[in-house]
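Visitor: Please take one part of this chain for a close look, and describe its surroundings in terms that can be checked against the coordinates. Then set that part in the context of the rest of the chain.

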Amino acid sequence: MTFSSISALSPLDGRYASRLAPLRPLMSEQGYMHRRVQVEVAWFIALSDAGLAEFPPLSPGARTYLLNLVKNFSETDGEAIKEIEKTTNHDVKAVEYWIKSRFEARPELQKASEFVHFACTSEDINNTSHALQLRSARDTVLLPALDKLLLKLRDMAHAYAEVPMLSRTHGQSASPTTVGKELANVVVRLQGACDRIAGVKILGKMNGAVGNYNAHLAAWPEFDWEAFAKKVVETPEPLGLGLKFQPYSIQIEPHDYMAELFDAIARANTILVDISRDVWGYVSLGYFKQRLKAGEVGSSTMPHKVNPIDFENAEGNLGLANALLRHLSEKLPVSRWQRDLTDSTVLRNMGVAIGYAVLAYHSLGVGLGKLELNREALAADLDAAWEVLAEPIQTVMRRYGVQGAYEKLKAATRGQTVTAADLHALIKSLDIPDADKQRLLMLTPGAYTGKAAELAKRA
């Protein structure tokens with residue numbers, strides 16, 4: 001069968017394939033193989049510089065050749081490894097054999113070929129490869145996509161900082177805010193979530209079959225293998241991996257940092273579910289219009305419809321992402337004794353989880369870009385909600401010790417249609433200073449927004 005976007009089992013590689021092109025080279029099996037080759041080469045070169053008599057330093061030409069295996073790793077190379085795996089039935093061993101096959105006609109490298117994958121367990125290669133994948137996906141795809149959303153939301157918060165809007169606590173009319181302030185709330189929350197994602201330390205271990213350097217010390221008992229492994233893990237690329245060294249592990253790296261990272265991404269996604277639903281509601285209320293695109297339809301039978309599909313798509317895909325991310329964060333830190341394979345197949349879905357998140361960020365960004373503020377609808381809603389001024393009136397009454405202030409306003413407004421004239425008559429009857437009375441008479445729902453504009457501009 002020939003695979004194409006229309007025959008793909010996953011919509012990430014089918015319907016939405018073009019939107020995830022930047023993520024695919026990093027989180028696909030091809031990307032995984034690429035990182036495995038990178039780790040094996042970094043370990044091999046470092047061994048040549050370790051001062052071991054049996055493995056003298058490699059020549060500059062050999063180093064360049066090895067680094068180019070990583071730099072120029074192609075889909076053809078990945079397919080060659082998969083062909084070897086048909087025989088080995090072991091993907092890491094297939095990578096080792098592929099690297100050794102590239103030593104042909106290079107006597108210097110052929111002589112040292114047994115130092116490829118020297119003293120390593122498969123998980124030494126796999127855990128560091130996963131770490132490299134996650135770091136690249138986070139730093140080059142996921143965080144930039146979130147930063148783009150942050151920039152858009154911040155721009156909107158500042159642009160609409162002074163546009164009053166009726167709040168709707170419990171779905172009912174409540175003290176007014178501004179459109180910009182409501183968006184600023186999301187900006188501040190999302191910025192914190194992004195900082196937490198960026199702050200997760202990406203770890204790697206290179207300590208053998210059960211984390212004790214058993215094989216390493218069997219070969220060279222006097223060598224400081226722990227210091228050597230730390231140097232390889234923490235030395236910047238390309239000669240090292242540029243990760244944070246994990247000194248304690250069983251056969252697998254404990255995956256706690258992965259759980260921390262996936263939980264942090266899920267928290268950001270939850271914030272975006274919140275804004276997706278809120279904006280959907282504001283579109284329904286008419287606070288926002290959506291720009292039309294020629295040729296698009298909103299319903300197969302109702303020609304008038306302009307549906308908020310981008311926010312719906314974002315919400316749905318954020319839910320899928322979080323379902324996977326939460327399974328990953330709960331499952332991965334748990335392993336029977338020193339090793340079981342339940343993490344291996346689950347880890348292959350990291351790209352799927354991140355893919356659904358990135359897809360959602362794209363949809364949300366498209367949706368936000370279509371919005372046009374409907375100031376008339378916002379103003380009309382406010383003008384029909386004079387009852388929200390019961391709060392400031394009774395609060396001023398309390399300032400001056402008017403007994404039963406809350407109860408009086410409750411009796412005058414709760415569950416009733418309230419007009420400006422009704423409130424003005426009440427205000428004029430109050431036993432409070434004239435200056436405060438005049439201030440309350442000048443107040444309108446649209447002007448009763450507190451520090452909303454200031455807070456929105458500060459976000």
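Guide: Ile432 touches Val396, Tyr400, Val402, Lys437 and Leu440, leaving out residues up to four places away in sequence; contact here means heavy atoms within 4.5 Å. The model is predicted, with local features needing pLDDT of at least 70 and side-chain atom pairs counting only at pLDDT 80 or more, while totals for chains, interfaces and linings use all residues. Residues are numbered from 1 along each chain as its sequence is written, and side-chain values use heavy atoms, with hydrogens and water left out.

Ile432 sits in the loop between α18 (420–428) and α19 (434–442). Helices are DSSP runs of H or I with at least four residues, strands are runs of E with at least two, and both are numbered from the N terminus. Because its relative accessibility is 7%, Ile432 counts as buried. The term buried denotes under 20% relative accessible area, exposed denotes over 50%, and partly exposed lies in between, with a 1.4 Å probe and protein chains only.

The two helices on either side of this loop also meet. The axes of α18 and α19 come within 10 Å and cross at roughly 175 degrees. The axes are lines fitted to C-alpha atoms, for helices over the stretch in contact, and the angles run from 0 to 180 degrees between N-to-C directions. α18 and α19 are therefore roughly antiparallel to each other; angles over 145 degrees count as such, those under 35 as roughly parallel, 65 to 115 as roughly perpendicular and the rest as oblique. His424, Ile427 and Lys428 of α18 make this contact with Lys437, Leu440 and Leu441 of α19. Lys437 and Leu440 thus appear in the helix pair and also among the residues that Ile432 touches.

His424, in helix α18, deserves separate mention. With a relative accessibility of 23%, His424 counts as partly exposed. Apart from residues up to four places away in sequence, His424 touches Trp386 and Leu441.

For the wider context, the chain is divided into domain 1 (16–118), domain 2 (123–291 + 303–374) and domain 3 (385–449), with bounds from an automatic or database domain assignment. The C-alpha centres of domain 1 and domain 3 lie 76 Å apart. Two C-alpha to C-alpha separations add to this picture: Ile432 and Leu241 are 72 Å apart in space and 191 residues apart in sequence, whereas His424 and Val279 are 34 Å apart in space and 145 residues apart in sequence.

Another helix pair elsewhere in the chain can be described in the same terms. The axes of α7 and helix α8 (residues 179–199) come within 8 Å and cross at roughly 160 degrees, and α7 and α8 are therefore roughly antiparallel to each other. Among the α7 residues that meet α8 are Leu142, Leu146 and Leu150, and the α8 residues that they and others in α7 meet include Leu183, Val187 and Cys194. With a relative accessible area of 4%, Cys194 is buried.

Finally, helix α5 (residues 91–101) is mostly covered, with eight of its 11 residues buried; among them are Val92, Trp98 and Ile99. The cover over the buried residues of α5 includes α2 (29–48), α3 (60–71), α4 (75–88) and α7 (122–159).
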